[in-house]
Amino acid sequence: MSDNHLKVAAAQIAPVWLQRDATLAKVTDWVKKAAAEGCALVVFGEALVPGYPFWIEHTDGARFNSDHQKDIFAHYLDQGVQIEAGHLEPICKIAQDQDISVILGIVERPADRGGHSLYCSRVHITAAGQIASVHRKLMPTYEERLVWAPGDGHGLQVHGVGAFTVGSLNCYENWMPLPRTALYAQGEDLHVALWPGGLHNTGDITQFLAKEGRSYVISVSGMLQKSDIPRDNPAAAMLKNCPDVLANGGSAIVGPDGAWIVEPVTDQEDLLIATLDHANVRRERQNFDLSGHYSRPDVTKLSVDTRRQYILQSEE
């Protein structure tokens with residue numbers, strides 16, 4: 001593989017729903033599969049570990065002070081990923097052992113916010129097995145706000161993987177022009193869009209992001225079917241009302257000219273693999289580089305607060 005080329009994989013899989021450790025074990029297996037194919041980067045969908053909160057829509061999730069909703073949330077919180085507790089150490093180890101970078105969507109239970117609220121977070125793990133950054137979703141979408149807290153700008157960071165500068169956003173953040181611009185301005189030329197799953201999400205925006213950024217774009221989705229929902233889970237009441245397919249995938253890979261490299265794949269777990277050529281980014285930037293020669297910082301600028309937000313600020 002030349003210095004200009006990067007082999008990547010999008011792992012479109014279903015979680016072992018609302019079971020953190022079992023889902024992390026499954027992620028480990030798929031990281032190994034990507035590494036066996038010679039990939040230097042593998043990416044996974046939004047909130048994959050331990051799973052997206054599909055129950056809200058199907059169990060009267062907005063009912064205030066509901067004992068049932070409290071029971072579900074207590075279980076979800078218990079299965080959340082606490083990085084400080086070492087929950088991601090198996091993924092860091094396999095990344096280091098296999099010399100592969102990993103981008104993973106988690107439901108984070110951070111100790112630095114008290115340990116009892118959840119955040120939809122994207123974690124970038126380097127091929128050296130180090131957590132490079134954790135981005136907490138800025139604004140949960142619609143009913144997600146019943147279980148996820150809003151994040152901050154600390155994780156609006158890009159990271160080098162081979163010749164590429166990689167950035168990533170969670171779900172509807174990909175529709176937010178200013179967070180996108182924060183990544184573009186740092187030199188992003190490979191964008192990873194994490195989704196819970198669904199062709200309705202990825203079908204149009206994947207190509208749009210590529211054309212806007214003149215970057216490669218990987219949209220990676222999860223999957224979930226009714227048959228994946230455990231009957232002994234507190235959220236099992238959703239089985240009465242939910243459809244047979246809750247998330248059908250839709251993962252895809254697009255080039256910096258907006259053309260499909262891998263068209264959206266639905267209704268199956270799969271490893272979508274492509275070899276990206278950085279020269280194609282440079283070709284498309286010839287006539288449009290939105291944070292370079294086509295920008296006008298004398299007219300418009302973006303201010304980004306990248307501080308991690310805490311409720312307690314210690315003063316000397």
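Five bridges hold strand 4 and strand 5 together, and the two run antiparallel. That's a handy place to start in this model, which is a predicted one. Between the two strands of this hairpin sit five residues, and one of the hairpin's residues, Gly129, takes a positive phi near 80°. Across the pairing, His124 stands opposite Ser133 in strand 5; keep that pair in mind, since both residues come back later.

Now look at the other side of strand 4. Strand 3, residues 101-108, pairs with strand 4, residues 119-125, again in the antiparallel sense, this time over seven bridges. Two facing positions help you get your bearings: Val102 stands opposite Ile125, and Gly105 stands opposite Arg122.

So how covered is strand 4, and which way do its residues point? Seven of its seven residues are buried. Tyr119, Ser121, Val123 and Ile125 point one way, while Cys120, Arg122 and His124 point the other way, and all are buried. Both faces of the strand, in other words, carry buried residues, with Arg122 and His124 among them.

Zoom out a little and the sheet comes into view. Six strands make it up, in the order 5-4-3-2-1-13; it is open, and the pairing is mixed. Which strands stand at the edges? Strand 5 (131-136) and strand 13 (270-277) do, and each has a single partner strand, so one side of each is left without a neighbour in the sheet. On average, neighbouring strands of this sheet are turned by 20° against each other, direction ignored.

Back to Ser133, which has another partner to look at. The side chains of Ser133 and His159 are joined by a polar contact of 2.7 Å. His159 is in strand 6 (residues 159-161), and with a relative accessible area of 13% it falls under the 20% cut-off and therefore counts as buried. If you skip its neighbours within four places in sequence, His159 is in contact with His124, Ala132, Ser133, Phe164, Thr165 and Val166. That list includes both His124 and Ser133, the two residues that face each other across strands 4 and 5.

Next, the cysteines. How many disulfides does a search of the whole structure find? Zero. Take Cys39: it is in no disulfide, and the nearest cysteine sulfur, that of Cys92, is 19 Å away. Cys39 is also buried, with a relative accessible area of 5%. Cys242 is in a comparable spot: its sulfur is 19 Å from the closest cysteine sulfur, in Cys171, which is too far for a bond. Cys242 is buried too, at a relative accessible area of 5%.

Finally, the whole chain. The secondary structure comes to seven helices and 13 strands. The radius of gyration is 19 Å, close to the 20 Å that the globule rule gives for 316 residues, so the protein is as compact as a globular protein of that length. Its C-alpha atoms fill a box of roughly 60 × 50 × 35 Å, taken along the principal axes. Buried residues make up 53% of the 316. As for the contacts with a separation of 6 or more, 70% are between residues 24 or more positions apart.

Conventions. Residues are numbered from 1 along each chain as its sequence is written. Side-chain values use heavy atoms; hydrogens and water are left out. Two strands pair if DSSP finds at least two bridges between them. Helices (H or I, at least four residues) and strands (E, at least two) are DSSP runs, numbered from the N terminus. Axes are lines fitted to C-alpha atoms, for helices over the stretch in contact, and angles run from 0 to 180 degrees between N-to-C directions. A disulfide is a pair of cysteine sulfur atoms within 2.5 Å. Buried means under 20% relative accessible area, exposed over 50%, partly exposed in between (1.4 Å probe, protein chains only). A polar contact is a pair of N or O atoms within 3.5 Å; within protein, one must be able to donate a hydrogen and the other to accept it, and residues adjacent in sequence count only if both atoms are side-chain atoms. Contact means heavy atoms within 4.5 Å. The radius of gyration is taken over C-alpha atoms; the globule rule is 2.2 Å times the number of residues to the power 0.38.
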